[in-house]
Amino acid sequence: MSNKKGIANQLAWRFGLVAFIGVVALVCGATGVCAQKKSSWLTNKDLEKKLAEPMPSVTWSDAPMKKSLRNFCDMQRICLVLDRRVDPELLVRGDFENAALPQMIRDALATGALIQEELELSRLGNVLYVGPARYVQRLQTLVELQKEAYEALPERGKKVWEKESSLSWQTLDTPRDVLEKIAKRNKIKIQGAKIPHDLWEGATLPPMSLSEQFILILGQFGLTYEFDLAADKNGGVVTIRPIDYDSLLVTRSYQMNKLRENKLNVLRREMSDVRIEASGSRVEISGIAEAHAFFASSLPSSVGVSIGNFPQAASINTKSGAKLSPKDRAKIRLSGNIRGPFIPIMKDLAQKQGLTLEYDADTLINAGVQLEAQIQVTLQESTVEQAFQSVAEAAGCSATLEGEVIYIEMKK
């Protein structure tokens, strides 16, 4: 047993998936499995509320992800999972004050992703999930498509796949064994592709649906599942297969109105992989789940598409409806890393500073500017106008602050 414990210590944080446990009493046995009360996790509405709140101030200076993000999420009682393809020793940095947790994590990931493939943050039920951008940007879509599939099953099968339960495993368990135990407990037969051998650190996760549990394990190996309805119409037999990213699209039809006309223009400008077919007063959209959430919501078009469908963060720089005076704004200094799509970042900065953003989308596009181009900027004691200028220059534009308006134009 002592040898196994020694191996476990060597493996800790090295192999893929890590669940970050909240600030509660933990009981860790010799095998490394951690147990905790279900009530210790923030879930559902409590989690939604927490994700929209400003977080306590924190500074990370080239800190390993396992110590920075883990410890901070511990304090918030939020479960964060690192995909097995993410290096938990990745160094991240950032100086955050009153920021919402999703934005904090994204900004921190941007500093570490410089030496690894691009990373992204999303959600899987009651879990925050960090992994390779290509996969994570389609995670919500995968969840939605699987939900549509199991909701089409007879009632008995539907209840099995939507029922939530906690998920845990011990250190040195293999993901193949974990999945087989889940399947056996729910009387599911697995066939098709095999999960490669791997060893995981012990973990206990909050309640998740059976579908979300399958996705959490399989997705880290580029795999997914589909029902073999010919073998069992109730969804009792599933086939494991590689993920076909090109097929991960949700298609829905909508009735048009004025607000949706504006949002349709946003989708056309900012999401090149969205397919749009308009016919009369209706439009059919095929795209990722977040595109549909944005289009169908009552939120203004200026909000844009948010990967992970995280709740809108409360304003943290000004009181609701208040405007900063030019004198007060001149005192503000901004430091940290900014990363994301050009125009959505500019909109977010403008909103937080109580400013109006003005730009001619057609002029910029015709001049070769990509409105959704991924930019990355590091600010060091920058004024508000300097911050806008730095972001605009990264996209090949210029930004000018005049009164309460930020103007984006092509460089002269």
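**Helix 9, its sheet and the surrounding cores**

Helix 9 lies across strand 9, strand 11 and strand 12, and runs at about 145 degrees to strand 11. Here helices (H or I, at least four residues) and strands (E, at least two) are DSSP runs numbered from the N terminus; axes are lines fitted to C-alpha atoms, for helices over the stretch in contact, with angles from 0 to 180 degrees between N-to-C directions. The model is a predicted one, in which local features need pLDDT of at least 70 and side-chain atom pairs count only at pLDDT 80 or more, while totals for chains, interfaces and linings use all residues. Residues are numbered from 1 along each chain as its sequence is written, and side-chain values use heavy atoms, with hydrogens and water left out.

The sheet beneath this description is open, with three strands in the order 9-12-11 and mixed pairing; two strands pair if DSSP finds at least two bridges between them. Strand 9 (189-192) and strand 11 (223-227) are the edge strands, each with a single partner strand, so one side of each has no neighbour in the sheet. On average, and with direction ignored, neighbouring strands of this sheet are turned by 35 degrees against each other. Strand 11 and strand 12 (residues 237-242) run antiparallel and are joined by five bridges, with F227 standing opposite V238 in strand 12.

Turning to the interior, the largest nonpolar core has 41 residues, and Y135, W161, F214 and Y225 are those with the most contacts inside it. Such a core is a set of buried Ala, Val, Leu, Ile, Met, Phe, Trp, Tyr and Cys residues joined through side-chain atoms within 4.5 Å. Helix 9 (residues 210-218) gives the most to this core, with six residues. Another core, of 29 residues, lies apart from it and includes C73, I78, V92 and A108.

F214 is found in helix 9 and is buried, with a relative accessible area of 0% (buried means under 20%, exposed over 50% and partly exposed in between, with a 1.4 Å probe and protein chains only). Neighbours within four places in sequence aside, F214 is in contact (heavy atoms within 4.5 Å) with W161, L179, I182, A183, I188, I190, G219, Y225 and V238. The C-alpha atoms of F214 and V178 are separated by 9.9 Å, at 36 residues apart along the chain. With the same neighbours left aside, the contacts of Y135 include D83, R85, Y129, L142, I215 and Y245.

Further along the chain comes a helix pair. The axes of helix 10 (residues 258-270) and helix 11 (residues 289-296) come within 9 Å and cross at roughly 155 degrees. R260, K263, L264, V266 and L267 of helix 10 make the contact with A291, F294, F295 and A296 of helix 11.

Strand 16 (residues 334-341) has six of its eight residues buried, so this strand is largely enclosed by the rest of the structure. Seven bridges join strand 16 to the antiparallel strand 18 (residues 374-382), and G340 stands opposite I375 in strand 18.

Two backbone details complete the picture. N44, in helix 2 (residues 44-52), has a positive phi of about 50 degrees although it is not a glycine. R77, in the loop between helix 3 (65-76) and strand 4 (80-82), likewise is not a glycine and has a positive phi of about 60 degrees.
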